[in-house]
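Visitor: I'd like a close look at just one part of this protein. Could you pick a helix and walk me through it, down to a single residue?

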Amino acid sequence: RFIDYVAAIFKSGVYKNLDNEVRAMTFVAGFVVVWNCITGGYTDLEGIQQAALRPDLPVLSMPLSAFTLTSPSLGLLLVETIPVLPMPSLNKVFRTNSSYKRWDEARKNWGMNINHTRDLVRMANCYYDDRNVTPEQRADDLNHVALCTWAF
């Protein structure tokens, strides 16, 4: 089942919408890894440090502070050349939090809707006036109320 779920990732609508971005980021990440292996060397799987093939070229690196929650963003890194909007990492967190809040609010409202429809069926069962109605008609009417609230 796990393999089916992993295979289904590439068929999902989210992945299809982000396909170009995922490919671009995969290409850039792969390029940086290969570049850094060529220019700075690497440690193989046995733990042996391998020498760089071209140590005269610079190694691509970026400070990790750009990815922390409280960092002032990439703007500090590129302040000399390109003006960048402040705090992209915080913007991502705020977007994630606001989307979670919207989802949570919708979940609460849906739960409240379900509870109110159950209350409606309970009230119909309690307050149904069955003095001039046959038991079959009462059961049919209450079944109709239950079906209508279920369909809603």
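Guide: Here is a walk from the whole chain down to one helix and one of its residues. Keep in mind that this is a predicted model. The protein chain has 6 helices and 2 strands, and along the sequence they come in the order α-α-α-β-β-α-α-α. Of its 152 residues, 11% count as buried. About 13100 Å² of the chain is exposed, with carbon and sulfur atoms supplying 65% of that area. As for contacts between residues at least 6 apart in sequence, 18% join residues at least 24 apart.

Now zoom in on α3, which covers residues 19-40. This helix has 22 residues and spans 31 Å from its first C-alpha to its last, close to the 32 Å expected at 1.5 Å a residue. Just after the helix comes Gly41, with a positive phi near 80°.

Which residues of α3 are buried? Asp19, Asn36 and Thr39 are, and the buried residues of this helix pack against α2, residues 13-17.

Let's stay with Thr39, which sits in α3. Why does Thr39 count as buried? Its relative accessibility is 4%, and buried means under 20%, so Thr39 qualifies. Leaving out residues up to four places away in sequence, Thr39 touches Ala52, Arg54, Pro55, Leu57, Pro58 and Val59. So if you want one spot to inspect on screen, select Thr39 in α3 together with those partners, from Ala52 to Val59 in the list.

How values were computed
Residues are numbered from 1 along each chain as its sequence is written. This is a predicted model: local features need pLDDT of at least 70, side-chain atom pairs count only at pLDDT 80 or more; totals for chains, interfaces and linings use all residues. Side-chain values use heavy atoms; hydrogens and water are left out. Helices (H or I, at least four residues) and strands (E, at least two) are DSSP runs, numbered from the N terminus. Buried means under 20% relative accessible area, exposed over 50%, partly exposed in between (1.4 Å probe, protein chains only). Contact means heavy atoms within 4.5 Å. Accessible areas come from the Shrake-Rupley method with a 1.4 Å probe; for residues, only the protein chains shown count as cover. The expected span of a helix is 1.5 Å times one less than its number of residues.
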